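Work through these exercises with the structure open beside you. Try each task before reading its solution.

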Amino acid sequence: MFLSSSEISSRLVSDLRLGLPIILYDVREYFLIAAIETLYSEKLDKIMEIAKNQNFEIAITNRRAKVLNVRIYNESVTRISIREKVNIQLLKAIADPSKDLDYPLKGPFQSERNGKFNVASVSLSLCKKARLLPASILVNIPKSIRDELVSSQISESDIGDLKVKSEETKFLPNLSSAQLPISGQQNISLSVFREVTDLTEHYAIVFGNPKITQPTEPVLTRVHSACFTGDLLGSEKCDCGEQFSVSMSKMRNEGNGILLYLNQEGRGIGLANKMRAYHLQNIGFDTVDANHRLGFEDDERDLEIAAKILKSLGVSDIKLMTNNPKKIELLTDNGITVKERVPLI
């Protein structure tokens, strides 16, 4: 059965999230990959049996490598060579900076200068899609063992397949829509979309019918990332809840607009990692440094998803409610024309 690149990615992300290893191959070399965050002792022992006397590697981001004082040889990923048996506690400590004080004397580590950096990079991208810490183990396996593993239903993929951008990815399917009365107003609808690569659902709250009532005007639009702590709990660490309320009020008053609610908590790192960042902030790091120590960039959100949803709704010209100029740049790069920026005060 033929699977699309998005279906392959979804299966791989799902398996990593469940703690299952996967196989990536590139130019006839095969690698067993496991996400460190979801790894446990018994599974590690089985992977070590497969590795036998071979060395294995740990892939981490360069952000995390700087914290661990590991030498960096590649622009996107660092590979640590492990030449002796390690326990699960050490692996978890390498991946998770919240354990740095519990394991302060990690290393010294030997990083690899040559080899399959592209495989390591893809493994970290899949971890991020799974909202896991970007840290994985890689074991180079011979083809004979690989055939045995594949027959055991371990997911595999050529990394070339995971980099393909096909026509099917230009839009997101609208799974369902319904009218949703809010504050006594009836002309509001909620549409649900699902990202095919990791099965995350995102929402479009549409006020009125902008494409009919104002067909030649740019549509007032807000791209809002989910924030459980701010939107629901009123956390004083952010102004997300206030921005959401202001956006809703303005669109409700004007009777037209689109508010996209993207499930990209914590600037795209997920709620669990956001709480790890909060823990680091509580011991003295600022938001950006906390994200970097976790191995993430300043902002991991994917605004291509927003562009896909807007296109699915038939919208290409917008007035964007934002205080973040980078959102304009990213939406423009993905085919949306931002005619005007509307500041959120």
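## Exercise 1: Take stock of the fold

Half the chain is hidden: of the 345 residues of the protein, 50% count as buried. The model is predicted.

**Task.** How many helices and strands does the protein have, and what share of its contacts between residues at least 6 apart in sequence join residues at least 24 apart?

**Solution.**
1. Count the elements. There are 15 helices and 14 strands.
2. Take the contacts between residues at least 6 apart in sequence. Of these, 67% join residues at least 24 apart.

## Exercise 2: Read a helix by its faces

**Task.** Work out which residues of helix 10 are buried, where the exposed ones sit, and what covers the buried ones.

**Solution.**
1. Check the length. Helix 10 runs over residues 240–254, 15 residues in total. From first C-alpha to last it reaches 21 Å, close to the 21 Å expected at 1.5 Å a residue.
2. List the buried residues, using the cut-off of under 20% relative accessible area. In helix 10 they are Cys240, Gly241, Gln243, Ser247, Met248, Met251 and Arg252.
3. Look down the axis. The buried residues of helix 10 fall within an arc of 165 degrees, so they line one face of the helix.
4. Recall the helix geometry. An α-helix has 3.6 residues a turn, so residues three or four places apart point the same way.
5. Turn to the face away from the buried side. Glu242 and Asn253 are the exposed residues it carries.
6. Find the cover. Over the buried residues of helix 10 lie, among others, strand 10 (201–207), strand 11 (219–225), helix 9 (228–232), strand 12 (257–262) and strand 13 (317–321).
7. Look past the end. Gly255 follows helix 10, and its phi is positive, near 80 degrees.

## Exercise 3: Two residues with positive phi

**Task.** Compare the settings of Asn69 and Arg267. Is each one buried, partly exposed or exposed?

**Solution.**
1. Start from the usual case. Most residues other than glycine have a negative phi.
2. Take Asn69. Its phi is positive, near 60 degrees. Asn69 lies in the loop between helix 3 (62–67) and strand 4 (78–82). At 71% relative accessibility, it counts as exposed.
3. Take Arg267. Its phi is also a positive value near 60 degrees. Arg267 is part of helix 11 (residues 265–268). With a relative accessible area of 41%, Arg267 is partly exposed.
4. List the contacts of Arg267 beyond four places in sequence. They are Asp298, Asp299, Glu300 and Arg301.
5. Check a distance. Arg267 and Cys227 are 40 residues apart in sequence, yet 8.8 Å apart C-alpha to C-alpha.

## Exercise 4: Buried or exposed?

**Task.** Place Asn273 and Phe285 in the fold, then state how accessible Asn273 and Phe285 are.

**Solution.**
1. Asn273 is in helix 12. Its relative accessibility is 1%, so it counts as buried.
2. Leave out residues up to four places away in sequence. Asn273 then touches Glu37, Arg131, Leu132, Leu133, Leu294 and Phe296.
3. Phe285 is in the loop between helix 12 (271–282) and helix 13 (287–294). Its relative accessible area of 28% makes it partly exposed.
4. Apply the same sequence filter to Phe285. It touches Leu280, Ala290 and Arg293.

## Exercise 5: Empty space, open and closed

**Task.** What lines the second largest pocket, and what lines the largest cavity?

**Solution.**
1. Size the pocket. The second largest pocket holds about 640 Å³ of space.
2. Find its lining. There are 28 lining residues, and Cys238, Asp239, Cys240, Arg267 and Arg301 lie nearest the pocket centre.
3. Assign the elements. Strand 11, helix 10, helix 11, helix 12, helix 13 and helix 15 (325–333) each supply at least two residues of this lining. Helix 12 gives the largest share, four residues.
4. Sort the pocket lining by class. It has eight nonpolar, 10 polar and 10 charged residues.
5. Move to closed space. One cavity of 30 Å³ or more is counted. The largest cavity has a volume of about 50 Å³.
6. Name the cavity lining. It consists of Asp299, Arg301, Leu303, Asn324, Lys326, Lys327 and Leu330.
7. Sort the cavity lining by class. Two residues are nonpolar, one is polar and four are charged.

Key. Residues are numbered from 1 along each chain as its sequence is written. This is a predicted model: local features need pLDDT of at least 70, side-chain atom pairs count only at pLDDT 80 or more; totals for chains, interfaces and linings use all residues. Side-chain values use heavy atoms; hydrogens and water are left out. On a 1 Å grid over the protein atoms alone, a cavity is a set of points where a 1.4 Å probe fits but cannot get out, and a pocket is an open set with protein on both sides within 12 Å along at least five of seven lines; lining residues have an atom within 4 Å of a point. Grid points are joined across faces, edges and corners, and a volume is the space filled by probe spheres set on the points. Ala, Val, Leu, Ile, Met, Phe, Trp, Tyr, Cys and Pro count as nonpolar, Asp, Glu, Lys and Arg as charged, and the others, Gly among them, as polar. The expected span of a helix is 1.5 Å times one less than its number of residues. Buried means under 20% relative accessible area, exposed over 50%, partly exposed in between (1.4 Å probe, protein chains only). The arc is that of the directions from the helix axis to the C-beta atoms. Contact means heavy atoms within 4.5 Å.
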